Amino acid sequence: MASSGMARKIDSLGRIVLPAEMRKQLDIGVGDLVDISVEGRHFVLEKVEQHCVFCGAAEGLREHQTKLICAPCVKELSLPSGD
Ligand SMILES: [Zn+2]
C-alpha cells in the first residue's frame, strides 16, 4: 500500500479527519457509514452502501424501525410518510 503523503494526527478520542479529496474520490459524505477493519498493519475503511431492504434501491431511503426502505416501497406498503 503506497503512502499518500497525507499524514493525519489522531486526537485524544482516537479520531482522525479523512482528507476531503479522498472522501470525494470515494463519494463519502456526511452521515455515510464506513466499515473499519484491520489487515495486517493497515486500517481499511470501506463505505457501507445502504439499500432498501425490499428492492435494493439506494435513493430516497428512510428508516423504519431500524430498516431502510425507499419511497416507492413505503408507498406500496402504505406506511405513514412521516413528512
Ligand atoms: Zn424499495
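Confidence comes first. This predicted model averages a pLDDT of 89 over the protein. Of the residues, 93% score at least 70. Among the secondary-structure elements the mean is lowest in strand β3, residues 61-64, at 89. It is highest in strand β1, residues 33-39, at 94. Where pLDDT is low, predicted coordinates should not be read in detail.

**Overall layout**

The secondary structure consists of 2 helices and 4 strands. Along the sequence the order is α-β-β-β-β-α. The protein splits into domain 1, residues 9-49, and domain 2, residues 50-83. Their centres, taken over C-alpha atoms, are 27 Å apart.

The radius of gyration is 17 Å. A compact globule of 83 residues would come near 12 Å. Along the principal axes, the C-alpha atoms fill a box of roughly 50 × 25 × 25 Å. Burial is recorded for 5% of the 83 residues. Contacts can also be sorted by sequence separation. Of those with a separation of 6 or more, 2% join residues 24 or more positions apart.

**The two hairpins**

Strand β1 pairs with strand β2, residues 42-48. The two run antiparallel and are joined by 7 bridges. Within this pairing, V34 stands opposite K47 of β2. The hairpin leaves 2 residues between its strands. G40 lies in the turn and has a positive phi of about 60 degrees. β1 is hardly covered: of its 7 residues, the count of buried ones is 0.

Strand β3 pairs with β4, residues 67-70. These strands are also antiparallel, with 4 bridges between them. L61 stands opposite C70 in β4. This hairpin has 2 residues between the strands. Here Q65 takes the positive phi, near 50 degrees, although Q65 is not a glycine. Q65 sits in the loop between β3 and β4. Its neighbour count is 5 other C-beta atoms within 10 Å, so Q65 is exposed.

D27 is another non-glycine residue with a positive phi, near 55 degrees. D27 belongs to the loop between α1 and β1. With 8 other C-beta atoms within 10 Å, D27 is exposed.

**Around Q50 and A58**

Q50 and A58 deserve a joint look. Q50 lies in the loop between β2 and β3, and A58 is placed in the loop between β2 and β3 as well. Q50 opens domain 2, which spans residues 50-83.

Leaving out residues up to four places away in sequence, Q50 touches A58, L61 and L68. On the same basis, A58 is in contact with E49, Q50 and H51. One of the partners of Q50, L61, is the residue that faces C70 in the β3-β4 pairing. Among the partners of A58, E49 falls in domain 1, residues 9-49.

Two C-alpha distances place these residues further. Q50 and L33 are 17 residues apart in sequence and 8.4 Å apart in space. A58 and C73 are 15 residues apart along the chain, with 12 Å between their C-alpha atoms.

Are Q50 and A58 buried or exposed? Q50 has 12 C-beta neighbours inside 10 Å, and a residue with 12 or fewer counts as exposed, so Q50 is exposed. A58 has 11 such neighbours and therefore counts as exposed.

**The segment before α1**

M6 lies in the segment ahead of α1, which covers residues 20-25. M6 counts as exposed because 9 C-beta neighbours lie inside 10 Å. The C-alpha atoms of M6 and G29 are separated by 19 Å. Along the chain these two residues are 23 positions apart.

**Neighbour counts side by side**

The table gathers the residues discussed above.

| Residue | C-beta neighbours within 10 Å | State |
|---|---|---|
| M6 | 9 neighbours | exposed |
| D27 | 8 neighbours | exposed |
| Q50 | 12 neighbours | exposed |
| A58 | 11 neighbours | exposed |
| Q65 | 5 neighbours | exposed |

**Reading the picture**

Two antiparallel pairings, β1 with β2 and β3 with β4, form the strand part of the model. The domain centres stand 27 Å apart. The radius of gyration is 17 Å, against near 12 Å for a compact globule of 83 residues. Buried residues account for 5% of the chain.

Technical notes
Residues are numbered from 1 along each chain as its sequence is written. This is a predicted model: local features need pLDDT of at least 70, side-chain atom pairs count only at pLDDT 80 or more; totals for chains, interfaces and linings use all residues. Domain bounds come from an automatic or database domain assignment. pLDDT is the predictor's confidence in each residue, from 0 to 100. A residue is buried if 20 or more other C-beta atoms lie within 10 Å of its own, exposed if 12 or fewer, and partly exposed in between; C-beta atoms are placed from the backbone. Two strands pair if DSSP finds at least two bridges between them. The radius of gyration is taken over C-alpha atoms; the globule rule is 2.2 Å times the number of residues to the power 0.38. Two residues are in contact if their C-beta atoms, placed from the backbone, lie within 7 Å.
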